[in-house]
Every structure is written in structure tokens, then in C-alpha cells.
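Student: I have a new structure to read. Can we go through some of its residues together?

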Amino acid sequence: MNLTLNLTNYIQNTCGALKKTPFDQLNKAAEVLLRARREGRWIFAAGNGGSSATASHFANDFVKGLSVEGRKRFKCMALCDGIPILTCLANDFDYSLCFTEQLKNYGSAGDVLVVYSGSGNSPNVVNAARLAREMGMTVISFTGRDGGKLHALSDVGCIAPSDCMEEIEDIHMVWEHALVVCMREIIRSEKE
């Protein structure tokens, strides 16, 4: 096994997939997120496993990284960050309902749900997207492969062009940081 060759192939494959970024969908995502900020709407993020970490990172960047002094701030939280709430709902109801039950408490029409799922088929994330649509929320999904069930439930669907879960998760993180950097410049250019 040639470790250097395998490392090189992974990086090159990921870079090649990034070159196929659906920029039209990322642009729509940025527009939805900026509108939510202007309107004082909540943005909720959710995901499982590595995608949970991305959802948490998303909320961190929107609360801290996009806070520009003297400018309106984002209202954002990751539904996967409250471990006591998450485990309570998973235990007392079902893991597939751990995000929907939170949305019933926190979400309102006009809010935004951002979901991360490499397969696009995680039941708890799919259920959250379905409920969010029923509640009148906008759904932005970051998936891979063919978009899975989430794609049909999304107002904006960003599909990472890869079948490799690690590549999909890497691409989602690059897209998340790209959104933050670009939106921060827009916010800084706004008149106070």
C-alpha cells in the first residue's frame, strides 16, 4: 500500500468534487440566510455524527464568526448541541423525533432549518425537514450522493458531488466556511 499515493488521491478527488460545486444553490442558501437575519428569524441547524459536528460548527460561525460590530446579528442554534435535551427526547420518544420535538418548541413560520446529511436519508433529519415545511419554515439541505429523501423536502438543496462520506463531509465544511466568509463581507459593507 502506498500511503502517499492514497493521500494524494483523496485530496485530488475532494478538490475535483469541489470544482463541481452547485454555486447557484449556495448563492440561494446565502440569500435565504441573509433574509432570515434581516427579518430577525431563527436559523436552526441539525445533523448526525460528523454532520452533527458540521451543524454545530455552522451555528458557532453564525453566532460568533458573523457577528460584526454595529450590525444586526444572526439568531442561530444547532438542535444537536443540547445533549440533555437530545438524549431525553431520543429516550422518551424516539431518536427519529429528537429534532422535530425541538422544532415544535422553538420554530415558527418564516424561520430556516439547515440540515446536514451525507446520505440525505437520516430519519431524524428527514422528519425535521418535513415538519419544518409543514410549519412554513424554509429548508436548506447539504447532502451528498443523490440527495436522498431530503432533496425533495428542501427549498434549497446543495448536493456534494461525491459518494465518499468523508469527501462529502469535507465539502460541506468548505461550503459552510465559504458562506461565512462571503456573507461577512456583505454584512460589513452594509450601512449602519
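Tutor: Gladly. Keep in mind that the model is predicted. We start with Arg-71.

Student: Is Arg-71 buried or exposed?
Tutor: Look at its relative accessibility, which is 16%. The cut-off for buried is under 20%. Because 16% falls under that cut-off, Arg-71 counts as buried.

Student: Where is Arg-71 along the chain, and which backbone oxygens does its side chain reach?
Tutor: Arg-71 sits in the loop between H3 and strand E2 (75–78). Its side chain reaches one backbone oxygen at 3.2 Å, that of Ile-187. At 3.1 Å it reaches another, the backbone oxygen of Arg-188.

Student: Ile-187 belongs to which helix, and what span is expected for that helix?
Tutor: Ile-187 is among the buried residues of H8. Helix H8 covers residues 165–189, which is 25 residues. From first C-alpha to last it reaches 37 Å, close to the expected 36 Å.

Student: What do the buried residues of H8 pack against?
Tutor: The buried residues of H8 include Trp-175, Leu-179 and Met-183. Their partners are both helices and strands. The helices are H1 (3–18), H2 and H3 (49–65). The strands are E3 (112–116), E4 (138–144) and E5 (156–160).

Student: Which residues does Ala-30 touch, leaving out those up to four places away in sequence?
Tutor: Ala-30 is in helix H2, residues 23–39. It is buried, with a relative accessible area of 13%. Two residues of H8 that are buried too appear as its contacts. They are Leu-179 and Met-183.

Student: How far is Ala-30 from Val-125?
Tutor: Along the chain, the two are 95 residues apart. In space, we take C-alpha to C-alpha. That separation is 21 Å.

Student: What is the volume of the largest pocket, and which residues are closest to its centre?
Tutor: The largest pocket has a volume of about 220 Å³. Its lining has 14 residues. The closest to its centre are Leu-26, Asn-27, Ala-178, Leu-179 and Cys-182.

Student: Which element gives the most to that lining?
Tutor: Two elements give two or more residues to the lining of the largest pocket, H2 and H8. By class, the lining has 11 nonpolar, 2 polar and 1 charged residues. The element that gives the most, with 7 residues, is H8.

Student: At the start of H1, which residue has a side-chain oxygen that reaches the backbone nitrogen of Thr-4?
Tutor: H1 has 16 residues and reaches 23 Å, close to the 22 Å expected. At its start, a side-chain oxygen comes to within 3.1 Å of the backbone nitrogen of Thr-4. That oxygen belongs to Asn-2.

Student: Which side chain makes a polar contact with the side chain of Ser-154?
Tutor: Ser-154 lies in the loop between helix H7 (148–152) and E5. At 14% relative accessibility, it counts as buried. A polar atom of its side chain lies 2.6 Å from the backbone oxygen of Leu-150. The side-chain partner, at 2.7 Å, is Ser-141.

Student: What is phi of Arg-145?
Tutor: Arg-145 lies in the loop between E4 and H7. It is partly exposed, with a relative accessible area of 39%. Its phi is positive, in a residue other than glycine. The value is near 50 degrees.

Note on methods:
Residues numbered from 1 in each chain as written. Predicted model: local features only at pLDDT ≥ 70, side-chain atom pairs only at ≥ 80, totals over all residues. Heavy atoms only, no water. Helix = DSSP H or I, 4+ residues; strand = E, 2+ residues; numbered from the N terminus. Buried < 20%, exposed > 50% of the residue type's maximum accessible area, 1.4 Å probe, protein only. Contact = heavy atoms within 4.5 Å. Expected span 1.5 Å × (residues − 1). 1 Å grid on protein atoms, 1.4 Å probe; cavity = no way out; pocket = protein on both sides within 12 Å on 5 of 7 lines; lining within 4 Å. Points joined across faces, edges and corners; volume = space filled by probe spheres on them. Nonpolar A, V, L, I, M, F, W, Y, C, P; charged D, E, K, R; others polar. Polar contact = N/O pair within 3.5 Å; in protein donor to acceptor, adjacent residues only side chain to side chain.
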